[in-house]
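User: Hey, I've got a model open and could use a quick tour. Can you walk me through it?

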Amino acid sequence: MSTNQQVFIGTDCGATMSKVGGVWADGTTVSTKLHQRATNSQQGPLAVVTSWVEAVTEYLGQNDLTWADVSSVGLAIPGPYLRYGVLGHSANLPTVFDGWDFYTAYSQALAEKAGRAVPLVVGNDGAFGGVGEAQRVRGDSTDSVLMLAPGSGLGSAFIDADGLPLQGDTLAGMETAHMPAPLHLLGAKPYKCGCGRSWGCVELYTTLAGLPYLLEEKLAGYPGHPLASSKETTKDKVLSLRGLAQKGDPLAVELFDFQARAMGLHIASLAMALDPTFVVIGGGLMDPENTTEEFRERYLRIVGETARAHLWPVQRDRITIVPSTLGELSQAIGAALVALYRSRR
Ligand SMILES: [Zn+2]
């Protein structure tokens, strides 16, 4: 059965699983049920495109839609890129993907399946995730939204009045993770980042990426702490910190308070350039399934207090800092929304 209603589809290409989301022409979500399928990257580019098309076909079927209803498609895919629609070298993919023109490959597969050309837009997964979250917080307004998602690294996106992400002239824009942190205000050392820079990338002070360094330094002040004598690997020690903080462990609490201050300073710094109305915090620290409300509130409170001390007066009461709400669906929904917004132009 077909509803004869236009639908905009988003595909989110993850390292292991690809997800599908959809929105109607008015921007409302077709379904909040997560639909995903193995990406199959080990089998090469053709298998990946096939799995995307099959995942969309399944999604359409589940929602009483057909390919005739599909107006356009968005694809969220991690970089780096050589240029629009073409992958550069990625550490997470087999080398056969170097230089892969995923825009042309997916366009051709969509046209074959639908029996007509289907417009396609592609972009950075983090940026498109920001588009999805932005729509949730700002509703029908044109308020701009800064999204920061601390996890293994720091994802960041800025969504403008049109609902679209700032990406820069080479798609390398809004990589705020590798901007320098104000180390003198944090009392922190300039650790060397995986990106090669040694100016103290913000990512090191706000995410898992720098926790091994921070933990080692802080442990010096807690000689009797179980982690000081633990035989666990550094990775396991670092991963245990979020749980310890939620049980009130003073060392772990101190570490996440430190990360919250670093995040607050980063927001204040970005607000000087971007002047957003909303700041959405995503990532593992805001995950309602793995963190307590108390933990999330403490983190957001310190982020807000730290940021406000450095904002312009006009921004202080205006900027609203909130947790993300779409979870794993943000990038697929965001990709669908970009397809919709582009079709309006
Ligand atoms: Zn860096």
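**Helices on the sheet**

Analyst: Sure. This is a predicted model. Let's begin with helix α1 (residues 45-62), which lies across β1, β2 and β3 and runs at about 150 degrees to β3.

User: Which strands does helix α3 touch?

Analyst: Helix α3 (residues 125-138) packs on the sheet and touches β1, β4 (70-76) and β7. The direction of helix α3 makes about 125 degrees with that of β4.

User: What's the strand order in that sheet?

Analyst: β3-β2-β1-β4-β7, an open sheet of five strands with mixed pairing. β3 (35-38) and β7 (120-123) are at the edges with a single partner strand each, so one side of each has no neighbour in the sheet. On average, neighbouring strands here are turned by 20 degrees against each other, direction ignored.

User: Mixed how? How do β1 and β2 run?

Analyst: Strand β1 (residues 7-13) and strand β2 (residues 17-24) run antiparallel, joined by seven bridges. Gly10 stands opposite Gly21 in β2. β1 and β4, on the other hand, run parallel, with six bridges between them. There, Phe8 has Ser72 in β4 as its bridge partner.

User: And how many bridges join β4 to β7?

Analyst: Four, and those two strands run parallel. One spot to click on is Ala76, which stands opposite Gly123 in β7.

User: How many residues of β4 are buried?

Analyst: Six of its seven, so to speak of β4 as mostly covered is fair.

User: Switching topic: how is the chain divided into domains?

Analyst: Into domain 1 (7-123) and domain 2 (138-324). The C-alpha centres of domain 1 and domain 2 are 30 Å apart.

User: What about strand β10, what's on its two sides?

Analyst: Both faces of strand β10 (residues 278-281) are covered. Phe278 and Val280 sit on one side, Val279 and Ile281 on the other, and all are buried. As for partners, strand β8 (residues 145-150) pairs with β10 in the parallel sense over four bridges, with Leu148 opposite Ile281. Strand β11 (residues 320-323) also pairs with β10 in the parallel sense over four bridges, and Val280 stands opposite Val322 there.

User: Which residues touch the most other members in the largest nonpolar core?

Analyst: Ile9, Leu75, Val279, Val303, Ala336 and Ala339, out of 96 residues in that core. Helix α9 (residues 250-274) gives the most to it, eleven residues. Domain 1 (7-123) and domain 2 (138-324) each supply at least three residues to this core. As background, nonpolar side chains in soluble globular proteins tend to be buried together.

User: Zoom in on Ile9. What does it touch?

Analyst: Leaving out residues up to four places away in sequence, Ile9 touches Val20, Gly22, Val56, Val70, Val73, Ala336 and Ala339.

User: OK, whole-chain numbers. What's the radius of gyration?

Analyst: The protein chain has 21 Å, and a compact globule of 345 residues would be near 20 Å, so the two agree. The C-alpha trace spans about 65 × 45 × 35 Å along its principal axes.

User: How many helices and strands does the chain have, and what share of residues is buried?

Analyst: Twelve helices and eleven strands. Buried residues make up 42% of the 345.

User: Last one: what share of contacts comes from residues 24 or more positions apart?

Analyst: 65%, counting contacts in the protein chain with a separation of 6 or more.

Notes:
Residues numbered from 1 in each chain as written. Predicted model: local features only at pLDDT ≥ 70, side-chain atom pairs only at ≥ 80, totals over all residues. Core = buried A, V, L, I, M, F, W, Y, C linked by C-beta atoms within 7 Å. Buried ≥ 20, exposed ≤ 12 C-beta atoms within 10 Å, placed from the backbone. Domains from an automatic or database assignment. Contact = placed C-beta atoms within 7 Å. Pairing = 2+ DSSP bridges. Axes fitted to C-alpha atoms, helices over the stretch in contact; angles between N-to-C directions. Rg over C-alpha atoms; globule rule 2.2 N^0.38 Å.
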